[in-house]
Amino acid sequence: MSVAIHIENVVKRFGKDTVINGLSLDVKPGEFFTLLGPSGCGKTTLLRMIIGFNSIEGGQIKIDGKVINDIPTNKRNMGMVFQNYAIFPHMSVKDNIAFGLKNRKVPKNEIEPRVDEILKIVKIDHLKNRMPQKLSGGQQQRIALARAIVIHPEVLLMDEPLSNLDAKLRTEMRNAIKQIQQQVGITTVYVTHDQEEALAVSDRIAVMNGGVIQQIDTPKNIYQRPANTFVSTFIGLSNIIDGVLESNEKGQAVVKIGNYKFSMNNIKKDCSANCPVKVSVRPEEFIINQKTEEGIPVIVKNSVFLGVSTHYFVETKEGQEIEVIQNSDLEEIIPNGKKIYLKVQVQKVNVFSEDGSKNLIDRGIRP
Amino acid sequence: MKSGQKKWNMWLVLAIVILALFLIFVVYPIGLILYKSVLMEDGTISFAYFAKFFSKKFYWSTLINSFKVTIASTLVSAVLGLIMAYVLRSIKIKGSKYLNIFIVISYLSPPFIGAYAWVQLLGRNGVITRILNSMFHAQLGGIYGFSGIVLVFSLQSFPLVYMYISGALKNLDNSLNEAAESLGCSVVQRVWRVIVPLVTPTLLASSLLVFMRVFSDFGTPMLIGEGYKTFPVLLYSQFMGEVSTDDHYAAALCVIVIAITLVLFFLQKFIGNRLTYSMSALKPMEAQKTTGIRNILAHAFVYLVVLIAILPQITVITTSFLETKGASYTGNFTFENYKNILMPKNISTITNTYLFGLTAILLVVILGVLISYLTVRKKSFLTSILDTLTMFPYIIPGSVLGISFLYAFNKKPLLLSGTAIIVIISLCIRRMPYTIRSSTAIIGQISPSIEEAAISLGATERKSFIRITVPMMMAGVLSGAIMSWITVISELSSSIILYTSKTQTLTVAIYTEVIRSNFGNAAAYSTILTITSILSLLLFFKISGNNDISV
């Protein structure tokens, strides 16, 4: 029942501006697929090409194998949830949801039960006859969702649907969305700039920047094995530190940061000796060493105690600022100005080529 | 996208049709005026008519007079409107809701009715003049000329400034006031250094509206000006005068008026743009309850101003029930005046007013909504032309539009003079810029994604326009339409030029009855007009659900 979406080499131009130049990706049937990127990266543009509000200047988009480039939006059979919900303010909740069914000439006696069913799924059946204007953001969001899926669309598209909600409601609604999506089993393309939201709801994520896809992968891989430095810094926090990649006498890859050396067994062997690399270390991947002099020498500049964790802002002797997160323990917080050594959790760090465009970690090898 | 193109064509055709209408009914007549103003009788082109105007003091002094009365009345209106708005927004005044309605009514009645009412009160033979004369054994000549005109215009126009400023003050966050106060500003300083600068753009915009209205009004100086001749009076008499009429000279005068209003319009835009602040109040100013002398003074001031402003209406309604003998009153109560105007078989004056007004409003609303939709949502070269063109009537005074219509449509194939159509179209055109502006604002508040949602749910573009956009605009458009309706039925300056005995409307009838000194009939007609306005206003309040008015 669920359909696949194939996007092949699509091009989008606004006037002379080429926003997307030959982008391809596949969404699997029933998948919750997220387009994630900073604002202006082209994710909404791509979504609007799928629904048909933006024309397609090159390439093609196929739904279930059928090219839809020239099908007008109102014939595409896609449901869309808008950033501002776009609830029709002059219609009751029921009429809002029935709007699409009426356009599809669904027989009158079928409309009512279908509306009721969907209202139950999104858990707002008690609001059926209310006017939407007095309802809360979360409730309006549920109406928008119900209205989009009641028409049994082949594809559900969501454009930053949670960005107008407050933080608590956002978490609640993203769980609801995920659950409803699984329940209905509909192929979904979701656009957001919020990485935490993307990680929470998606089966797979496409990270976009400047109209180009940086990486398509599962949330876990995106976070743990980012494809390049853009992804590693955009998704979560990463400290990017200059290093050198060499081999030791056993032929093992060794990463050298200053005088700090550690060997890695999951590096792709396309670099022979002494090539400069970028080492990407997340704040929680550091081990603070105060006992010996092993590690990157740094001075503590500032610290913030946040209960669960303690954040240290430290500086290397080259002047690079590094953020370190440690689980809070009972020991004293390290005072400002103190010199400490930072070691890394070798199996977790990522090593990128010097220009940051390529991850040198071989994911085939389990460390 | 083939089918997409087909739908765009529907809007394209509409844009072209509307553009054609505006070319015929705005560009062509105004172009003709421009042409006529430089066309000599022998067929040559020259600026002789303009030279004629500026060479004779008899002519150019009217322009000076116009500027004098206009500047004076605009200043008085601005100051009065500003003070009234601030007092009513900051101090709790008892019955302010009704005061508001009275202020609006005093504004909505045609200025020349105010002129004629003030003549009844303060004229040579006026009630108040006679009382004063007998009390002080004086021989006051009554209020005519410059002071009379300024009095009428100021009282008539300050409500406009008041409404605009009042609206702006509502968007002014009270914390600005409180911040100023905490920084050691006294009340007067606060008004002068914080409030006034922030409402200056609004003050300018509304003052310009007052200026244009006063500058082009000819009814008032005609009735109360006596020897004090202003430019519109000259224009009217050159065009309609019994002694000598000169079409080309009148055309030249029209061009002079358009030039002046055009300059003013751009001046206001230029200044307004540099001073605009966008504000939205989280915590609007609240009218505070005051006590003691300040409270008494505020109440006395507000009530006095409103009383004086509404006095013409009271006079007119009262005199409509007084028996007349020639031009004077016997002092007896009577329904005779109403019998005179309602009993004859032909009451077309009244039916015309309603018929023309309603038809014009219907057309204005439909066209206004379509034009604003085109210019906001279907941006293209064509619609941007439409955008500019449809705002053009804003700067064309009614009398100029009337004259240009008579020039343009007095021969076949566009023989419209003397018909109801020409009156209706002129009303439409005059009101169009206001309707478009308010519709544009309404559409601007509707997110485009609402329509996209409808389309994604399978609706066609036309269906989403009719089922979603139009109903969402309706409340705003409807209340705008009622305000338009009230202004349309009070319109005199183009109707007085276009009317024939068959197409006479209430305002025209009032004017002609006043000229003929049939004050009883004039009062009865005016009362009908006033009551219609009041009822419409009440309907407006009911529909819009608030007391904020923008005209």
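Between which strand and which helix of chain A is the loop that holds A:Tyr85 found? In this predicted model, A:Tyr85 sits in the loop between strand E6 (78–81) and helix H2 (93–103) of chain A.

**Selected residues of chain A**

Although A:Tyr85 is not a glycine, its phi is positive, at about 70°. The residue is buried, because 24 other C-beta atoms lie within 10 Å and the cut-off for burial is 20 or more. A:Lys105 is likewise not a glycine and has a positive phi, of about 55°. It belongs to the loop between H2 and helix H3 (108–121) of chain A. A:Lys105 counts as exposed, because it has 7 C-beta neighbours inside 10 Å and the limit for exposure is 12 or fewer.

A:Leu46 is part of helix H1 (residues 43–51) of chain A. With 26 C-beta neighbours inside 10 Å, A:Leu46 counts as buried. Its contacts, leaving aside neighbours within four places in sequence, are with A:Ile20, A:Leu23 and A:Leu35. The C-alpha atom of A:Leu46 is separated by 8.8 Å from that of A:Gly211, and the two residues are 165 residues apart along the chain.

The table sets out the neighbour counts of these residues.

| Residue | C-beta neighbours inside 10 Å | Class |
|---|---|---|
| A:Tyr85 | 24 C-beta atoms | buried |
| A:Lys105 | 7 C-beta atoms | exposed |
| A:Leu46 | 26 C-beta atoms | buried |

**Overall form of chain B**

Chain B contains 23 helices and two strands. Its radius of gyration is 25 Å, close to the 24 Å that the globule rule gives for 551 residues, so chain B is as compact as a globular protein of that length. Taken along the principal axes, the C-alpha atoms of chain B fill a box of roughly 85 × 75 × 50 Å. Of the 551 residues in chain B, 45% are buried. When contacts in chain B between residues at least 6 apart in sequence are considered, 80% join residues at least 24 apart.

**Domains of chain B**

The domain assignment divides chain B into domain 1 (1–32 + 337–551) and domain 2 (47–308). Taken over C-alpha atoms, the centres of domain 1 and domain 2 of chain B are separated by 25 Å. Where the domains of chain B meet, 28 residues of domain 1 are in contact with 31 residues of domain 2. On the domain 1 side, helix H17 (398–408), helix H22 (506–515) and helix H23 (519–544) of chain B each supply at least two residues. H23(B) gives the most to this side, with six residues. By class, the side of domain 1 of chain B that touches domain 2 has 16 nonpolar, eleven polar and one charged residues.

**Contact between chains A and B**

How many residues does each chain bring to the contact? Chain B contributes 19 residues and chain A contributes 22 residues. Helix H1 (2–38), helix H19 (448–456) and helix H20 (461–489) of chain B each supply at least two residues of the side of chain B that touches chain A. The largest share of that side, seven residues, comes from H19(B). By class, the side of chain B that touches chain A consists of ten nonpolar, seven polar and two charged residues.

Definitions and conventions:
Residues numbered from 1 in each chain as written. Chains lettered and ligands numbered in written order. Predicted model: local features only at pLDDT ≥ 70, side-chain atom pairs only at ≥ 80, totals over all residues. Contact = placed C-beta atoms within 7 Å. Helix = DSSP H or I, 4+ residues; strand = E, 2+ residues; numbered from the N terminus. Nonpolar A, V, L, I, M, F, W, Y, C, P; charged D, E, K, R; others polar. Domains from an automatic or database assignment. Rg over C-alpha atoms; globule rule 2.2 N^0.38 Å.
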